[in-house]
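Reader: I am new to this structure and would like to go through it with you. Could you start with the empty space inside?

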Amino acid sequence: MDQAHGPRTRRSTFGPALLAAAVALGLAAGCTSSRDEPGGGRSPASSNSASSSPSPRTPPPGPVLAVKIDNAPAARPPTGLDAADVVYAEQVEGGLSRLMALYATKLPPAVGPVRSARESDLELLRQFTRPVLAFSGAQGKLLPLIDRAPLTAVTPEESSGAFYRDADRAAPHDLFLRPKDLVPSPPGAAALTTGFRYGAAPPGGTPEKARSVRFPAARFTFTWSPDRARWLVAMDGRASVTTSGQRVAAATVVVQYVTVRGSRFHDFLGNTTPYTQTVGSGRATVLRDGRAFDARWERPAAADGTRFTTADGAAMTFAPGQVWVVFAAAPGGAVRDGSR
């Protein structure tokens, strides 16, 4: 039960056999996807294709695994967050934050604490080919939208064997996921159709030692560590360390300024659930290699990845490694008093 919204139930049972079928469907969908690989393009046809043997077809990547992770102070430290390829930080009710971690290149033994989904998660995940979304449930009126979304939604009620309760944690911060019970093997970097480009840093930027991003009731701070060549993550003024003792650290941090508006849903106290709008365009700050770069972001449609460009219009490249994207409210685009 998610205390912010009350009981979570779904209308159908999603057993292991159906989950396997859904993952296979995601693989099949990848065969017909028209989306180019991030930073790349389609290979031109060979000029002598009529006389040459057809090249072996590259199997499509499997689905990326997305997990909603509780980030309330009582839910810390997290488990498995250091293994994520991408971590999204979004605002939820009461000005608090929640994380969505994406796994494509490696799967940790466990991830959590797992919490509930939000409406804006569906828009964010449209850029991936039938991703697997693991979460603890959702507001009752949101469930039909999740059922119709092009993803494989999995909760403890539907795949109880993949989830477990940690007796050392207090509810509702005690639910954890075994990722390999949902995705048997990592699908690989090709499943991360985010639009991100990786490579050497562009020219310019300004030296940056630390950068903080504030939500109404939460704060993220990223401090550059020359020794580790990473941005060390702190939350609400305390270093973020996983349950395995690993300091959470990002190779690239993106502060993406977006519209945060009121959604059609409310929590059990009547507070409006924020909706983070990730389709559109706006400004961003990209932190990499100890420098801050002014950038622009653009995502024309939900099925597109997000492209980042520098001030002169060149592609903004990210450092290889974990990427954090913090969705910060753009001026004039924040929820106020439960509505806009």
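Author: Certainly. This is a predicted model. By class, four nonpolar and four polar residues line the largest cavity, with no charged residues.

Reader: Which residues are those, and how much space lies in the largest cavity?

Author: The lining consists of Tyr88, Leu124, Gln127, Phe196, Gln256, Thr278, Thr306 and Phe327. About 40 Å³ of space lies within.

Reader: And how many cavities of 30 Å³ or more does the structure hold?

Author: There are three cavities of that size.

Reader: Turning to salt bridges, how many does a search of the whole structure find?

Author: The search finds eight. One of them pairs Lys68 with Asp121, with the closest N and O atoms 2.8 Å apart. Lys68 belongs to strand β1 and Asp121 to helix α2, so the salt bridge ties together parts that are 53 residues apart in sequence.

Reader: Are Lys68 and Asp121 buried or exposed?

Author: Both are buried.

Reader: What about Arg115, which residue does its side chain meet in a salt bridge?

Author: Its partner is Asp70, at 2.9 Å from N to O. Arg115 sits in the loop between β3 and α2, while Asp70 is in strand β1, 45 residues apart.

Reader: Why does Arg115 count as buried?

Author: Arg115 counts as buried because its relative accessibility is 6%, under the 20% cut-off. Asp70 is buried too, with a relative accessible area of 3%.

Reader: One more: where does Thr79 lie?

Author: Thr79 is in the loop between β1 and β2. Its contacts beyond four places in sequence include Arg169, Phe176 and Thr243.

How values were computed
Residues are numbered from 1 along each chain as its sequence is written. This is a predicted model: local features need pLDDT of at least 70, side-chain atom pairs count only at pLDDT 80 or more; totals for chains, interfaces and linings use all residues. Side-chain values use heavy atoms; hydrogens and water are left out. On a 1 Å grid over the protein atoms alone, a cavity is a set of points where a 1.4 Å probe fits but cannot get out, and a pocket is an open set with protein on both sides within 12 Å along at least five of seven lines; lining residues have an atom within 4 Å of a point. Grid points are joined across faces, edges and corners, and a volume is the space filled by probe spheres set on the points. Ala, Val, Leu, Ile, Met, Phe, Trp, Tyr, Cys and Pro count as nonpolar, Asp, Glu, Lys and Arg as charged, and the others, Gly among them, as polar. Helices (H or I, at least four residues) and strands (E, at least two) are DSSP runs, numbered from the N terminus. Contact means heavy atoms within 4.5 Å. A salt bridge is a side-chain nitrogen of Lys or Arg within 4 Å of a carboxyl oxygen of Asp or Glu. Buried means under 20% relative accessible area, exposed over 50%, partly exposed in between (1.4 Å probe, protein chains only).
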